[in-house]
Amino acid sequence: ARRLVVVAGPRLALCGGSYQGCIKALALHGNKLINMLMHRLQQRLLTMPASALLIGGWNVFAVDGSLFDAPRTRSNRRFLSTRNTRGANPSHPQLAMTSLYHLATGVLFSWRVGPARTPERTQLRVQIKRLPLGCLIVGDAGFFGHELLTNIVESGRSFLIRGSSNIRLIKDPTRRHVYIYWPADRRRTPPLYVRLIRTNRIELITNVLDGRRLSKRLARQIYAMRWGIEVMYRTLKQTMERRTVRARNGANAKQELEWIAATFQLLSLCMAEYARRGGLVRLSTAGVLNELRGCLHPAQRRSPSALRHRLRQCVMDRSQRTSKKASKNWPRKKQCRPPKPVNIRAATPTERTKLQQPSEKTPG
């Protein structure tokens, strides 16, 4: 790694002498460096033209979380947690990462890393302030909660979340196609007015009440593109081979995953800018990784023009499949059931009275 710094960057003297010294320096300054790098790359992404950033006039960010394994050392067991603690063979110590992914460009925008039992909503709540004003946050049913969604609306952002049977909506007595999300334990806070979009057995809930700003067709298209963040996690775990961190210390494991995410943010931003300038479709992460690794190797260094020519060949595979790509029915494969429909009911007389009070009503 020290030699690669000299090859790829300015002519600097070889610094540092040991892995332990590097880890100690990262423990002191790693978080500051990560935040600085993340902020600069976010600014660079948002300077792209609107034609590359927007989808139907919206700046869309998908949110989702995933777990990364860590070695079963004593330190990792003490500092990290695990989701599966039952049975004779509990799972590995794990790290939870909740990420915001820019759908139009395929760039990792921000992330938050913590122990496995850290709630995804808590990690998202910290990242909301990093998003540009007026953007749209897209997530699955696990991100539906009155406190979180209220924070999103009050911060000047919008949301598009998949509905499930755990959600109970109240029909608005004064407006059609508008519903009220007002849990019983949140009656001291203002109600949240939402819109329910039904499409292809999927129910989507959004605070954008105007159908001209977010039509049913556009909402369906945006939610279908949310699958890009699932592909991003697959790229991190499979293509980049980072399903398991290698640090045997709990604090160092968190730093390692932070730098893995920072590496992918830089890589995805470079791929997006190169594809935009070259008029190409999205590039293949595996192909770009192979070219960059070969370019950094002293025996395979290429000129910038040769590297650009080879990168143009690293386009994503768009061929039509003639066979089924579904995997076999493995015994331990997790079988997820689709969410059931949202529960909707009429407002009670007491609720009608409270909703008519101007002090408790929030603007749609």
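A salt bridge is taken here as a side-chain nitrogen of Lys or Arg within 4 Å of a carboxyl oxygen of Asp or Glu. The structure is a predicted model, in which local features need pLDDT of at least 70 and side-chain atom pairs count only at pLDDT 80 or more, whereas totals for chains, interfaces and linings use all residues. Residues are numbered from 1 along each chain as its sequence is written, and side-chain values use heavy atoms, with hydrogens and water left out.

By the salt-bridge rule, the count comes to 12. In one of these, the side chains of E273 and R44 meet with an N to O distance of 2.9 Å. Because E273 lies in helix α9 (residues 250–278) and R44 in helix α2, this pair ties together parts that are 229 residues apart in sequence; helices are DSSP runs of H or I with at least four residues, numbered from the N terminus. E273 counts as buried at 10% relative accessibility, where buried means under 20% relative accessible area, exposed over 50% and partly exposed in between, with a 1.4 Å probe and protein chains only. Its partner R44 is partly exposed, with a relative accessible area of 41%.

Helix α9 also holds a salt bridge between K254 and E258, with N and O 3.2 Å apart. These two residues are separated by four positions, about one turn of the helix. K254 is partly exposed at 30% relative accessibility, while E258 is buried at 9%. A further salt bridge joins E351 and R345, whose closest N and O atoms are 2.8 Å apart; here E351 is buried, at 5% relative accessibility, and R345 is partly exposed, at 36%. Salt bridges that share partners also join R44, E273 and R277 into one network.

Helix α2 (residues 19–46) contains Q42 as well, a residue that counts as buried at 5% relative accessibility. The side chain of Q42 reaches the backbone oxygen of F109 at 2.8 Å, a polar contact under the rule that a pair of N or O atoms lies within 3.5 Å, one able to donate a hydrogen and the other to accept it.

At the surface, R72, R74, R77 and R78 form a positive patch, for which residues must have over 30% relative accessible area and no salt bridge, like charges being joined within 9 Å. Of these residues, R78 is found in helix α4 (residues 74–79) and is exposed, with a relative accessible area of 57%.

Notes: Patches are made of residues with over 30% relative accessible area and no salt bridge: like charges are joined within 9 Å, nonpolar side chains (Val, Leu, Ile, Met, Phe, Trp, Tyr) within 5 Å. Accessible areas come from the Shrake-Rupley method with a 1.4 Å probe; for residues, only the protein chains shown count as cover. Lys and Arg count as positive and Asp and Glu as negative; His and the chain ends are not counted. The place of a charge is taken as NZ of Lys, CZ of Arg, CG of Asp or CD of Glu.
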